[in-house]
Every structure is written in C-alpha cells, then in structure tokens.
Amino acid sequence: MSTGTVSFTGAAQILRPPRDGLDQLRGADLAGQTLAPGGLTAVGGVIAALEPDPRAGLAVDAHGCAILPGFIDCHTHLPFAGWRAGEYEQKVGGVRYEEIARTGGGIASSARALRESSDEQVLVQSRGLAAEMLAAGTTTFECKSGYGLSREQELRSLRLAQALAAEVAQTTTSTALLAHSVPSGYTADTWMDEVERMLPEVLAPGGVSALDIFVESVAFSNAHLERMGALAAGAGLALRCHVEQFGGYRSVPVALAAGARSVDHLATLHPDDVEPLAQADCAAVLLPAAEFLGAEHRAPGRELLDAGAIVVLGTDANPGTAPVVSMPLVIGLAVRLYGMTTREALAAATLNAAWTLGMARTLGSIEVGKRADLVLLDAPAEHVAYRLGHNPVELAFIAGEPVYVRDERAAARIGLR
Ligand SMILES: [Zn+2]
C-alpha cells in the first residue's frame, strides 16, 4: 500500500453519496448522490480529504474526468477453465439451458474442463480476465467455486481462487458455491449430505466468506436452499443464492427467512415477492448480461428500485450464461433494460455491491477514511451507460496506487510520458 500522498485536481464530476457512513443506498438516497466538480486527496492509500493537496507527491490531472469509486463486481464465477461458445450458438438457435444441461453441456461441461486443466492453465486464463476487469474499472471482485462438482475439485477451486487473489491487483472475496449442479452419482439430497460433511474442510484454510446455491429444476430446490442457509448461519457466513433465473420457484421468501445476504438473478421473480425483498436487508443482485445473452425473462429492476430494495449489479462472469467481465457494459444494459438512472446504476455497481460482499465500511464510495480505489473516466458519468460498448476508464487506482493506465493521455495525467 502506498504511504505517499496522491492529489486529484480539476475533476468535472466526483460521485459522492448523499451522506457519509451509509452502508448501502436505497430509496431516496439513490437520487441524493451528487456528481459535483472538485478534487480529492489520498494519504497512505486512504481518502484523506475531499479537496486537492498542492504538496502531494503524485498530482493527478483529472480535468474533464468523472471520478468514481472503483467498480465492485460481487457476482463472478472466476476462476474457471475454458469457454462454451458452441452452447451460445445452440442457445441463439433456440435450445433452452435446461436441455443443454441435460445433454452434458452447461455446468457439467465446465466441470470437465476444470478437471482436465492444470492449476497454471486455470490461473493463466483467470489472470487474463482479471486484467480485462481492471481495464474496465473493476477494483474488487468476488470469486466462486462451483465447477468442481466433487469434494476434491471444489476444494481445488477454492485454493485456485486464493492463488488468484495473491496474483492480481484487485481485492477479491471467495464464495463457496457448493450446490451448483448435482454431481453424477448423487441425488440433490445426498449431495447436500456431502456438502455438510465437506464444510469443515472447505472452511479450514479461511478466506471463504459466503456459501451459495443454485435453485432450479436442473439443480437444487427451496428445501436445499433452506438447508444451505442453516449451514451458512452455523458457520457464520453470508448466504448467497442463484434464484428465479429460469423457472419461478418462489425462492425469495425462503431465502429471506434463511437470512440471505443476497438473492441473485430474479428474472422470474414473483410480483408478490418484490415488496418483502424491498423491505429486507437483502441485496437484489441483477445480472443483465445473463438476461440479455440468454434471452431470459427480465428482472423487475425498476419495480425493485421503486419499492426501496438494495439493488446491485454484477457481471455473472462465467463461461456459459455470461462471458462478460465489463461493469460499464453491465451498467449500460441495466440502464436500458430496467429503466435505471445513471446514479442508481452506479450505486448498484459500487457501494451496494460492497455491502453485498460485506466490505461497505472500507470500500464502495468516495468518503474520507475509505480506501482510495478510484476510476477516472474519459467523459461524464452519464456516458458509461450511453456509449454502450465503449470502455470509458482512463485510469484505475487501488489504495491510491495507479494500477491501470489506458494510453498516453492517461499517462500524461499522472506525469508519465
Ligand atoms: Zn452466477
């Protein structure tokens, strides 16, 4: 971590929450965010003042830039092995995911690829994706296991996530997605027995902060979600869950009763479940890239926002349903598909995502005392959604250190040429 002083001057916009100390933004607080011009100073990797310091060791010329908190991608499936481009062609041709899964594709195909790849092959691919994510402004991301489909490979997958964490610039978290697909030789029930048996070994090395489960006709049921919730509570971990992606199973009330930190996907969320979710301290994690690329149903993003939910955006980066790592692209899709404002989408991609990962006290917003994870955009913040497909990130900082410099113009901003 830097111990020096970094000063940012002349920004056209700096995204700030309506008040300091908010762990997440919902309801009226979303519109209360400001995008005023100004500067800021970081000392020792932490934001120290909301004004520039002329004596700083590193002066960053932010003229014309918007300064945002670094994006936080709270739903990815890194590390994984290989891709599944053939399945995308099938899907575009009208084959449904359940059918692809039942014929050996889907998660089982990525599990085969993981098994057949060396650790180094998996890490090479994942490092490359982490670099792409950094270039698109992601300064923190979640890793998930879930392509192991055996005790041994799930443990390996979590070890690989730890190895990746040590190698990349970003901060990462580790979620054990122990119930992703039912491994061959098991029923959903007997696999959950196995999950319960393996849990001490999964948790022993430390580093896992959440348990996750996929509730779907081809995977696990609400009863298994309830059981995973009890395991998470017993271990003092957050419960995350993939729910209401394809079928509608009314999993949200079950997740809320189990104390879930987040319910992810929600493309087929039942209208009666919007209000209870909006009242709860549970994040509604929307994954518009998966919805768009899979021609899925559309989550009721606008309804959730209007009801006061903690709405969050993530990429769902994975080789099957969302081979997408760009948060600016996800923000662009979300604004159009759900009818979100720029401010709503930016909160969903920063502070609310930090809350989902349990990191809102130190990350996710531009406040004195928080870590100086920042991105400088080449245009006003509204352009993130508007210029769909354009990457607006010129510079990315983690703990006050420049970790991504896009081009010569960006280099000149920090005094390099
Ligand atoms: Zn996912």
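These exercises work through three sites in a predicted model.

**Exercise 1. Leu 225**

Place Leu 225 in its helix, decide whether it is buried or exposed, and list its contacts beyond four places in sequence.

Solution.
- Step 1: Leu 225 sits in helix H8, residues 222-235.
- Step 2: Count C-beta neighbours inside 10 Å. Leu 225 has 26. The cut-off for buried is 20 or more. Leu 225 is therefore buried.
- Step 3: Set aside neighbours within four places in sequence. Leu 225 then touches Ile 213, Val 215, Phe 220, Cys 241, Ser 251, Val 254, Ala 255 and Ala 258.
- Step 4: Compare with Val 124. This residue is 101 residues from Leu 225 in sequence, and their C-alpha atoms are 33 Å apart.

**Exercise 2. H6 and H7**

Describe how helix H6 (residues 151-167) meets helix H7 (residues 188-203).

Solution.
- Step 1: Take the axes. They come within 11 Å and cross at roughly 35°.
- Step 2: Assign the hand. H6 passes H7 in a right-handed crossing.
- Step 3: Name the residues. H6 contributes Arg 151, Leu 155 and Leu 158; H7 contributes Glu 194, Met 198, Glu 201 and Val 202.
- Step 4: Sort them. Four are nonpolar, none is polar and three are charged.

**Exercise 3. H13**

Check the span of helix H13 (residues 327-339), then judge how far H13 is enclosed.

Solution.
- Step 1: H13 has 13 residues, and at 1.5 Å a residue the expected span is 18 Å.
- Step 2: The end C-alpha atoms lie 17 Å apart, which agrees.
- Step 3: Count buried residues. There are 10 of 13, so H13 is largely enclosed by the rest of the structure.
- Step 4: Name some. Among them are Met 327, Pro 328, Gly 332 and Tyr 338.

Key. Residues are numbered from 1 along each chain as its sequence is written. This is a predicted model: local features need pLDDT of at least 70, side-chain atom pairs count only at pLDDT 80 or more; totals for chains, interfaces and linings use all residues. Helices (H or I, at least four residues) and strands (E, at least two) are DSSP runs, numbered from the N terminus. A residue is buried if 20 or more other C-beta atoms lie within 10 Å of its own, exposed if 12 or fewer, and partly exposed in between; C-beta atoms are placed from the backbone. Two residues are in contact if their C-beta atoms, placed from the backbone, lie within 7 Å. Axes are lines fitted to C-alpha atoms, for helices over the stretch in contact, and angles run from 0 to 180 degrees between N-to-C directions. A crossing is left-handed if the near helix is turned anticlockwise from the far one by less than a right angle, and right-handed if clockwise. Ala, Val, Leu, Ile, Met, Phe, Trp, Tyr, Cys and Pro count as nonpolar, Asp, Glu, Lys and Arg as charged, and the others, Gly among them, as polar. The expected span of a helix is 1.5 Å times one less than its number of residues.
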